[in-house]
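Work through these exercises with the structure open beside you. Try each task before you read its solution.

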Amino acid sequence: MPWQLTGTVGRIGSLTIGEALARKQVELDSEGRAWLDPAQPDPSLSTLWPHIEPLLRTDAPNWLILPYSERNQADWWQARAGHAAEVLFGRASAALALRQMGRLGVAGRLIAADAPMHQALPVQAVMAVDMTPAEQGLVFELTELDGRLDGKTDVGALIALGQDVTRRPEALFCPGNSGDDVERLLPFLGQLGEWAGPDVRWEFPEAPLGYLGVVGSLYTWAWIEAGYRLGDYRDPLVLLEMDKSPLVGLVVVRHEGDSGGRNLLT
């Protein structure tokens, strides 16, 4: 089933999502982080909730993706957002959200927010994307998650599943703003096969924006949608969803049909 990104909303530091996709320079602090509002925040349990609550849709399912560190506060989040959203933790859970959305087959919203958790520090980034079933658009060929919490995640097994779908993707999308974010991939380089070949680009779309965490996943989807729409990508792509959690996600996506030059940025 093809899906179209029918809208994006949010901010990355001082930038709107549109400005971030256009590679406008974001203001970073000395530690390489961007703030939505550098003013002193209210040191409540979570500085994220006031940014998330207005994004919850009442006319469609919501998936709320939070940093894995918030898993310790799952009851708190479930009490506030559980009535309106499926609450997930860790960047890899974006793959799970896409799978659940695909099974439902109805329009939905993915929301992600990242900040230093439970500290009197500002929010770094918040973003939501709307996805709608369509006759043409993004087709998710594979949405896999290795969710073992003991840390014994088998990245090699995920790679093998992905290679069964596409032997030579056009590009491999990696998380974060440096190669350190995919260091867990290093023991499995020998299993990458043609994915590590000269014809496959490795891309870090969020690299110029500082550390985005779970928001980086949704930013990458907006980047990919724009790339297909503008003709930068034509063949299947592979996304690795990794962060500091023990979970790893892998998505294989292709584009079907002509997106018609839409501009989804709001």
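**Exercise 1. A pair in one strand**

Which residue forms a salt bridge with Arg201, and how many Å apart are the closest N and O atoms?

Solution. Keep in mind that this is a predicted model.
- Step 1: find the partner. Arg201 forms a salt bridge with Glu203.
- Step 2: read the distance. The closest N and O atoms are 2.9 Å apart.
- Step 3: classify Arg201. Its relative accessibility is 37%, so Arg201 counts as partly exposed.
- Step 4: classify Glu203. Buried means under 20% relative accessible area. Glu203 has 15%, so Glu203 is buried.
- Step 5: look for a network elsewhere. Salt bridges that share partners join Arg57, Asp59, Arg109 and Asp130 into one network.

**Exercise 2. Bridges between loops**

State how many salt bridges the structure holds. Then work out which parts of the chain are tied together by the pair Glu206 and Arg91, and by the pair Asp199 and Arg168.

Solution.
- Step 1: take the total. The structure holds 14 salt bridges.
- Step 2: examine one of them. Glu206 forms a salt bridge with Arg91, and the closest N and O atoms are 2.9 Å apart.
- Step 3: place both residues. Glu206 lies in the loop between β9 and α6, and Arg91 in the loop between β4 (85–89) and α4, so this pair ties together parts that are 115 residues apart in sequence.
- Step 4: check burial. Both Glu206 and Arg91 are buried.
- Step 5: turn to the other pair. Asp199 forms a salt bridge with Arg168, with the closest N and O atoms 3.8 Å apart.
- Step 6: place these residues too. Asp199 lies in the loop between β8 (171–173) and β9, while Arg168 lies in the loop between α5 (155–165) and β8, so the parts they tie together are 31 residues apart in sequence.
- Step 7: check exposure. Asp199 counts as exposed because its relative accessibility is 53%. Arg168, at 49%, counts as partly exposed.

**Exercise 3. Helix α4**

Compare the span of helix α4 with the span expected at 1.5 Å a residue. Then list its buried residues.

Solution.
- Step 1: locate the helix. α4 covers residues 93–104, which is twelve residues.
- Step 2: compare the spans. From first C-alpha to last, α4 reaches 17 Å, close to the expected 16 Å.
- Step 3: list the buried residues of α4. They are Ser93, Ala94, Ala95, Ala97, Leu98 and Met101.
- Step 4: look past the end. Gly105 follows α4, and its phi is positive, near 70°.

**Exercise 4. Core and surface**

Which residues touch the most other members of the largest nonpolar core? Which residues form a nonpolar patch on the surface?

Solution.
- Step 1: recall the background. In soluble globular proteins, nonpolar side chains tend to be buried together.
- Step 2: find the hubs. The largest nonpolar core has 42 residues, and Phe140, Tyr219 and Trp221 touch the most other members.
- Step 3: find the main contributor. Helix α6 (residues 215–230) gives the most to this core, with eight residues.
- Step 4: trace Trp221. Beyond its neighbours within four places in sequence, its contacts include Leu5, Leu98, Phe140 and Val253.
- Step 5: move to the surface. Leu186, Leu189 and Trp202 form a nonpolar patch there, with about 280 Å² of accessible area together.
- Step 6: place Trp202. Trp202 is in strand β9 (residues 201–203). Its relative accessible area is 34%, so Trp202 is partly exposed.

Conventions: Residues are numbered from 1 along each chain as its sequence is written. This is a predicted model: local features need pLDDT of at least 70, side-chain atom pairs count only at pLDDT 80 or more; totals for chains, interfaces and linings use all residues. Side-chain values use heavy atoms; hydrogens and water are left out. Helices (H or I, at least four residues) and strands (E, at least two) are DSSP runs, numbered from the N terminus. The expected span of a helix is 1.5 Å times one less than its number of residues. Buried means under 20% relative accessible area, exposed over 50%, partly exposed in between (1.4 Å probe, protein chains only). Patches are made of residues with over 30% relative accessible area and no salt bridge: like charges are joined within 9 Å, nonpolar side chains (Val, Leu, Ile, Met, Phe, Trp, Tyr) within 5 Å. Accessible areas come from the Shrake-Rupley method with a 1.4 Å probe; for residues, only the protein chains shown count as cover. A salt bridge is a side-chain nitrogen of Lys or Arg within 4 Å of a carboxyl oxygen of Asp or Glu. A nonpolar core is a set of buried Ala, Val, Leu, Ile, Met, Phe, Trp, Tyr and Cys residues joined through side-chain atoms within 4.5 Å. Contact means heavy atoms within 4.5 Å.
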